[in-house]
Amino acid sequence: MGLSRRTFLAGTAALVAAPALAKRSFAREPGAPLPIPSLVDLKSDPQVLEAIAGKSSMLAGATTPTLGYSQPYLGPTLRVSRGSIARPKVLNRLSQPVTTHWHGLHVPAIVDGGPKLEIAPGASWDPELLIDQPACTAWYHSHVHHRTAQQVYQGLAGMIIVDDPGAPDPGLPKTHGVDDLPLVIQDRAFDSDGHLAYSSRRHTMMHGFKGDTVLVNGAVTPKASVPAGLVRLRLLNGSNARIYHLRFADDRTFHQVASDGGLLPKPVALTSLRLSPAERVEIIVDFSNASPVSLLSGPDGNTMMGGGMMGRGMMGGGSDNPPQAAGGTEGEFDVMSFAPDRNKPAAVSTLPAALAGAPTPNLGDPVRTRRLSLDMHGGGMGRGSMGGGMRGGGMRGGGMMGELAINGRAFDIDRVDQELKRGETERWVVSANMMAHPFHVHATSFQVMSQNGQSVPYETMGLKDVVLVQGEAEILVRVDQPASDAVPFLYHCHILEHEDGGMMGQFTVS
Ligand code: C2O
Ligand code: CU
Ligand code: CU
C-alpha cells in the first residue's frame, strides 16, 4: 500500500489549491487553413517515425511546446495496404518513454504498441505489421501506462489509412488532402503563456480532461478549402474525453460511409452524429452548392453529475465548453469550417447506392459470455468490488487508483484478466456506471449487437473497435491475433484519464 489515507487527502488538497487555468492572453484566431499532415506510405521500405518535442503556432503570437511524431504536433498520416508488411521504425528522441499503439490495426500483441512495449529515451522499435483487414481509418498514439493521457494531449498521435487493393473500388473520393481529408478533432486548453494546460486535479481525472479550444489537425477551428462537389471526411475524435455531437450549421444531410472497422454496406443519411473518444467515421459531404458552411458540435454532457445522459443543448456549457458558435443553438461551438471552391475539380459527383467491398459481419455464434463492468468509485459498487473506498496506489501517474476499475479491479500491468482462444467468437456484455464510457478492444473489430436491450442494426454501425457504453452494450468479439502473458492485449475505457486511472484490463489470446 502506498500512501496512507491521511497523506493521500493532504495531497489532494494541495492539488485542488493549485491555480485554476488562467485566462488566455493570446487570441485564438479561427479560420487558419486546415493543415494536412503529410502522407507516409508504409507499403514498402521502412519509414522512420520520430517522437520529438516541438514548438507549434496554435494561438496568434504564442509559441506552444508540443510533442509529435516527426513533426511538432501530431504525426503524418500513415498509409498501409492489405496484403503487405508495414515497417515503421519508431525512434524516441524524448526524455520520457513512449510507445506507439496502432489503434484499429489487427496485429499480434507483440507489435501492438501497448504499455509493455515501452521505447526508452534514445531507443528505437522496429515492428513488422502484416496488414490483413478491410480498408478503414485507424490511428496511432502513445500508450505508456499512466502517461497516455498526457502524451496524447501533448500531441503523440496520428491517423492511419488502411487500403485494400484487392477489394472492389467503392467509388468514393480518395485524393488525400483534396477530396479525402483526414480530420483529427481534439479539444485543448491553454495557459496565459500560450502553453497547453493540463490538470491532474481529481475532478479532471474522474470526468476526463476537456478543453475550451477545438483543434483540427493541430489548428484552432480551421477552414478547409474543398472542391465544390462530394468530399470525404475521415473524422477521428483524438480528444482525451470529449464527446462531440456534430452537425453542419445549415443542417444539411450528409452520408456516413464507414465506421471504425471499415465501410458500411451502403451510405447512411444523417444530419448529425455523435463521435466519442477514439471513434472514427467517414462521411461524404456534398459541397456542390458552393456555399461555405461550419461544422458545429453540441456540448458534452458526459459528466458524473449529468448521469451520462447527453444530447445537443442539454447540459449547456461548463467552463470547459468552447465559445458559443454564432449560428448555433445554446452551447454549440465551432469545430471548423469549409469553403468550397468551384475552381477545384470534384472527382466524384454521385454517391454510390451501395459500397462495394464493405466487410460482411461473419462472427458466427458466440461460444461463451463475458461480463465487464466499467466501474467508477470503488465504494462497494459493481461486481467483485473491493469495497471500502480508497485502496493503495495513491496518486501515481495522476490517476485515482481504486476509483476507476473494471469488474472492481483497477488495472495491474502484471495481471492477465481474461484468456481468449484465438478465432473463437464471444459475447461480451459491457456495462457502465456513473458516466458513459467509450469501451475499446485492441486487435479486432467487433459487432455491436444491442445497447440497453435494443438491437443495433449492423447497417448503421458497421464494425467497431470503440463503443460508447451508456448503461449496457452487448458486443460480439473475435480475436484472431495472438497475445501471450508477457505481452497481452488490452481493453479499456478510451477516456484517457480513466484508462490511465485503472479502467483497463489485459487479455491473452492463445
Ligand atoms: Cu487507442 Cu488501447 O488504445
Ligand atoms: Cu487500441
Ligand atoms: Cu470511462
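Cys493 counts as buried because its relative accessibility is 0%; buried here means under 20% relative accessible area, exposed means over 50%, and partly exposed is in between, using a 1.4 Å probe and protein chains only. The model is a predicted one, where local features need pLDDT of at least 70, side-chain atom pairs count only at pLDDT 80 or more, and totals for chains, interfaces and linings use all residues. Residues are numbered from 1 along each chain as its sequence is written, chains are lettered from A and ligands numbered from 1 in the order in which they are written, and side-chain values use heavy atoms, with hydrogens and water left out.

**The copper sites**

Cys493 has company: through its SG, together with His437 (ND1) and His498 (ND1), Cys493 coordinates the copper ion (ligand 3) at 2.0 to 2.1 Å. Donors are N, O and S atoms within 2.8 Å of the metal (3.2 Å for Na, K and Ca), and since water is not among the atoms, sites may look incomplete. Along the chain, the donors of this copper ion (ligand 3) are spaced as H-x55-C-x4-H. His437 belongs to strand β28 (residues 437-441) and His498 to helix α5 (residues 496-501), so this pair ties together parts 61 residues apart in sequence. Helices (H or I, at least four residues) and strands (E, at least two) are DSSP runs, numbered from the N terminus.

What are the protein donors of the copper ion (ligand 2)? They are His101 (NE2) and His440 (NE2), which lie 1.9 to 2.0 Å from the ion. His101 is in strand β7 (residues 101-103) and His440 is in strand β28, so here the pair ties together parts 339 residues apart in sequence.

Here is how the histidine donors come out for burial:

| Residue | Relative accessible area | Status |
|---|---|---|
| His437 | 0% | buried |
| His498 | 0% | buried |
| His101 | 0% | buried |
| His440 | 1% | buried |

**Around strand β28**

Strand β28 has a partner: β28 and β32 run antiparallel and are joined by four bridges. Two strands pair if DSSP finds at least two bridges between them. Phe439 has Val467 as its bridge partner in β32. Strand β32 (residues 466-469) is covered on both faces, with Val466 and Leu468 buried on one side and Val467 and Val469 buried on the other. Phe439 also turns up in a cluster, where ring pairs link it with Trp428, Phe489, Tyr491 and Phe507.

**Rings and a charge**

How many aromatic pairs does a search of the whole structure find? The search finds 16. Rings of Phe, Tyr and Trp (its six-membered ring) pair if their centres lie within 6.5 Å; planes under 30 degrees apart count as stacked, over 60 as edge-to-face and the rest as tilted. Take Trp102 and Trp125: their ring centres are 6.1 Å apart and their planes are at 10 degrees, so the pair is stacked. Trp102 is in strand β7 and Trp125 in strand β8 (residues 124-125), so the two tie together parts 23 residues apart in sequence. Both Trp102 and Trp125 are buried. Then there is Tyr244 with Phe333, whose ring centres are 6.5 Å apart and whose planes are at 70 degrees, so the pair is edge-to-face. Tyr244 sits in strand β17 (residues 244-248) and Phe333 in strand β23 (residues 333-341), so this pair ties together parts 89 residues apart in sequence. Tyr244 is buried at 0% relative accessible area, and Phe333 is buried at 0% too.

Phe248 has a charge over its ring: the charged end of Arg252 is 5.8 Å from the ring's centre. To count, NZ of Lys or CZ of Arg must be within 6 Å of the ring centre and within 35 degrees of the ring normal.

**Strand β22 and its neighbours**

Strand β22 (residues 293-298) is mostly covered, with five of its six residues buried. Four bridges join β22 to β17 in an antiparallel arrangement, and Arg247 has Leu296 as its bridge partner in β22. β22 also pairs with β23, antiparallel over five bridges, where Ser294 stands opposite Ser337.

**The whole protein**

The protein has five helices and 35 strands. Of its 510 residues, 59% are buried. Counting contacts (heavy atoms within 4.5 Å), residues 24 or more positions apart account for 78% of those with a separation of 6 or more.

How many disulfides does the structure hold? Zero, with a disulfide taken as a pair of cysteine sulfur atoms within 2.5 Å. As for Cys136, this cysteine counts as buried at 1% relative accessibility.
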